[in-house]
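Hi,

Here is the structure I promised to pass on. Have a look at it first, and then read on for what turned up in it.

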Amino acid sequence: MASVPSLASTLQQQLADALTAALPDAGAADPLLRRSDRADFQANGILALAKKLKGNPRELASQVTAAIPAGGLIKEIEVSGPGFLNITLTDRAILETLAERAADAEGRLGVPSAPDAGTTVIDYAQPNVAKEMHVGHLRSAVIGDAMVRILEFTGESVVRRHHIGDWGTQFGMLIQYLVEHPDQLGHETEGTGAASEGEAAMSSLNRLYKASRALFDSDEEFKARARDRVVALQAGDPETLAMWQRFVDESKVYFYSVFDKLDMEISDPDIVGESGYNDMLEETCRILEETGVAVRSEGALCVFFEDVKGPDGNQVPLIVKKTNGGYGYAATDLSAIRDRVQNLKADTLLYVVDARQSLHFKMVFETARRAGWLGEGVKAHQLAFGTVLGKDGKPFKTREGVTVRLEDLLDEAVSRATAVVREKAEKVGLSEEEIVENGRYVGIGAVKYADLSTSAVRDYKFDLDQMVSLNGDTSVYLQYAYARIRSILRKAGDAEPVAHPELELAPAERSLGLHLDRFGETLDEVAAGYEPHKLAAYLYQLASHLTTFYDQCQVLSEDNAPEVVENRLFLVELTARTLHTGMELLGIRTPERL
C-alpha cells in the first residue's frame, strides 16, 4: 500500500501553496509549521516574509488565509498576534487519515518504506571472548538492536556486525594452559537449555582463565611458554589456531545464551571479530604510510591531528602500528572500515560504542577520510552512550564492588517482574505458564525500556523497583495499556472497530487521534538522528493520551450510539497496533493479557 501522508505534511503543503499564490514575490517559502497548545498547529513563517517583503505581517497573513481552500482539511484558521496562523483541523480529516492508516494491508500503519534508502553497517553488541558479559555490555546491545529494527522498518538495508574481542596476547596464556590441561575446556550439554548450556560454557571458561592466570603469575617457565604461544598464534600455527577456535566457539555458546535472555537475535555470519581483519592489517598500514597519512614516530606508525593534544601541549597520535611491530586497535578499526565500505558497499557506518571511546573514533574516522576510505557519500557516526549507574549515582556494581554480571541483572529483573505479574494474575485469569512467560517479557522489557527511554549519551540510574512499576514512564505502563485495549476488544462482542468520519470528536478523542497520526513523523526523526529515546517518549505520550481518553470517553457504554462505540473501538484498536509496532521496534514484547 502507498504511504499515508501525515496531517502535518498535508497541511504544510497546503500552506506553502497558499503562500505562493497569495505572495508570489516571496518565492518558495516555508510556513514554519509547528504543533501548538492554542490550536492543532501554528504557522510562524509569515513574520520572516513580512520583513523580506516590507509588508504588514497581519495583512499578509490575511491574504494567505484567503488563498487557502475552504473545507476538507482545515476547520478554522485564525490570525493571531503579529501574524501567526493558529490552525484547527476538521474531525473528518483526522478520522479519514487514521482510517487510511488502519487499512494498510502491509501492517505498517501507512508509514512509508523508502526503496533503496541505502546500506548501513551497525557495529553493536561487542563482548569479549573468554570473558563474562557485564552490565557495561547492556547499552550497546539494547540500543544497537533497536536501531537495527528501526532502520530496517524505514527501508534501510542493514548489515549487523558484532566486533567481538577475539584476539590478543591473553590468548597465549589461555591456549598454553589448554595444551597442557586438555580436559579443562568443555561442559555437559545433554538435556540442558540454551541458558544452562551458556552458563556451563562460561563457568568452564572462567575456571580455565583463573587457573591459567594463577599459573602465569607464579610460574616463570609457563609465562615464557605462554609468550611463545602468542607468537605461534600470530604466525598462524595450525594447532594453536585450532585451540583458539575452541575458545571462540565456547564463548559463542555463552554469548548466544545471554542474547537469548535479552530476546535478541544474533547470527553467526554477523559475528566478525578483531581476528576477521588480521589479513588486512599490514596492507592498511602500508597504504597509510605510502600516502603520507601515517608517519613513523619513535619507531611506531602514527597519525597526528592538530586538534588532539595532551596536557603538555604536544599532539597525541593515533598509533596504528606499535614500535614492537604489533598492531593497535586503530589498525583493526581502519581495516574494518575498508571492508565495510569496499566489500559491503555501505554508505553509512554506525558504531554503538561507549562515549568514553569518542576521541578514538574521532581520530579513526578522520584517518579514514584522509586515506580516502570514507569518501563522498559515505558517513561514519558514533552513537555514543553513557554509563549505567547504581541508585547511588556511581557506576553500577555489586555490594562487594564488583561489576554486575549481565545474566544476574536480567534474572533479577525477570524475578521482580514475575512477582508483579503474579499479583494481578488471578484477576486476569493467567495460567502459571502465562505468568512465567509474561514475567520474562515484562522484566526484559523493563530493562530495555529504561535504557532506551534515556537519551543514549546520558548516564542513567539502574533502579529495578522503578523499572517494573505500573506507574510512570516504564515499559510495564505501556504493556498494560496494550493489554487493557486487547481486553476491551475481547469484551466488545459483535461490535467492530469502524471509523465514522461523520462524527464530532470529543477533546480526548481528538488528542489521541492527532498523536496517532504522528507515528510516522516520529520514526523519521528517530531514524535520521539515531535517537530511539524519542520513539520511547512518543509511545509513553500515546499511552498517556489513552489514559485521558479512558477517563473522559466510555468505550463500551450502553448509553453510546452504536457508531460511537465502533468509532471508539477503532481509536483504541489503532492505538494498540501503534503501541505494538512501536514496542516491537524497541525490541519489547506486548503480551495480550497481563
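Helices H17 and H20 cross in a left-handed way. This is a predicted model, so please read everything below with that in mind. H17 covers residues 507-516 and H20 covers residues 562-585; their axes come within 11 Å, with a crossing angle of roughly 35 degrees.

Which residues of H17 meet H20? They are Glu 509, Leu 512 and Leu 516. On the H20 side, the partners are Asn 567, Arg 568, Leu 571, Leu 574, Thr 575 and Thr 578. Sorted by class, this contact between H17 and H20 brings together 4 nonpolar, 3 polar and 2 charged residues.

Stepping back to the whole chain, you will find 20 helices and 13 strands. The C-alpha atoms fit a box of roughly 90 × 65 × 45 Å along the principal axes. Of the 594 residues, 52% are buried. The accessible surface is about 27,100 Å², and carbon and sulfur atoms account for 48% of that.

Contacts often link distant parts of the sequence: of those between residues at least 6 apart, 73% join residues at least 24 apart.

Now for the interior. In soluble globular proteins, nonpolar side chains tend to be buried together. Here the largest nonpolar core has 154 residues, and Ile 87, Phe 247, Phe 462 and Phe 549 have the most contacts inside it. A second core, separate from that one, has 32 residues, among them Leu 334, Val 353, Phe 365 and Val 378.

Enjoy exploring it!

Best wishes

Note on methods:
Residues are numbered from 1 along each chain as its sequence is written. This is a predicted model: local features need pLDDT of at least 70, side-chain atom pairs count only at pLDDT 80 or more; totals for chains, interfaces and linings use all residues. Side-chain values use heavy atoms; hydrogens and water are left out. Axes are lines fitted to C-alpha atoms, for helices over the stretch in contact, and angles run from 0 to 180 degrees between N-to-C directions. Helices (H or I, at least four residues) and strands (E, at least two) are DSSP runs, numbered from the N terminus. A crossing is left-handed if the near helix is turned anticlockwise from the far one by less than a right angle, and right-handed if clockwise. Contact means heavy atoms within 4.5 Å. Ala, Val, Leu, Ile, Met, Phe, Trp, Tyr, Cys and Pro count as nonpolar, Asp, Glu, Lys and Arg as charged, and the others, Gly among them, as polar. Buried means under 20% relative accessible area, exposed over 50%, partly exposed in between (1.4 Å probe, protein chains only). Accessible areas come from the Shrake-Rupley method with a 1.4 Å probe; for residues, only the protein chains shown count as cover. A nonpolar core is a set of buried Ala, Val, Leu, Ile, Met, Phe, Trp, Tyr and Cys residues joined through side-chain atoms within 4.5 Å.
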